[in-house]
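User: Could we go through this structure together? I am new to reading such models.
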Amino acid sequence: MTSMRATIVRRTAAVLAASAAVVAVAGPASADVPEGWAQPYHPSGLHSLLIFVGIPALLFLLITLAVYLPSMLRGERGRPGGSGVEDQWFGGPRKGTAELPAPDNEESKAGGASGRW
């Protein structure tokens with residue numbers, strides 16, 4: 001029990017020392033603006049909300065439109081129930097398996113993965 005209590009005391013002391021160091025270092029940040037410098041701009045809450053929420057929302061909308069707009073203009077459906085997955089063969093022949101060459105003889109490697117049954 002004593003070693004656990006000592007560990008808790010050490011950790012608490014370390015956290016308090018780190019907090020005191022942060023407060024001591026941050027002291028100069030609360031200094032006044034030097035003479036001759038312009039006063040800093042303090043934006044309103046609405047302005048901050050527009051910056052931190054409005055701009056990301058606008059970017060989200062623009063990216064979504066950039067992704068979905070081409071398929072919408074072609075008339076494709078972008079919801080479930082559209083074209084099935086079985087119709088898609090990426091990088092394959094355009095007319096389906098009809099374009100694949102048929103094997104000429106038993107030793108031919110054309111027409112598939114050369115599986116034997």
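User: What phi does G75 take just after α2?
Analyst: G75, which follows directly after α2, takes a positive phi of about 90°. Helices here are DSSP runs of H or I with at least four residues, and strands are runs of E with at least two, numbered from the N terminus. This is a predicted model, where local features need pLDDT of at least 70, side-chain atom pairs count only at 80 or more, and totals for chains, interfaces and linings use all residues. Residues are numbered from 1 along each chain as its sequence is written, and side-chain values use heavy atoms, without hydrogens and water.

User: Where is the kink in α2?
Analyst: The kink, about 40°, lies at Y68, shortly before the proline P70. The bend is the angle between axes fitted to the seven residues ending at a residue and the seven starting there.

User: Which backbone oxygen lies 3.0 Å from the side chain of S71?
Analyst: That of Y68 lies 3.0 Å from a polar atom of the S71 side chain. S71 is itself in α2, residues 45-74.

User: Why does S71 count as buried?
Analyst: S71 counts as buried because its relative accessibility is 15%. Buried means under 20% relative accessible area, exposed over 50%, and partly exposed in between, with a 1.4 Å probe and protein chains only.

User: How many buried residues are there in α1?
Analyst: The count is 0 among the 24 residues of α1, so this helix is hardly covered. In the chain of 117 residues, 3% count as buried.

Terms used. Polar contact = N/O pair within 3.5 Å; in protein donor to acceptor, adjacent residues only side chain to side chain.
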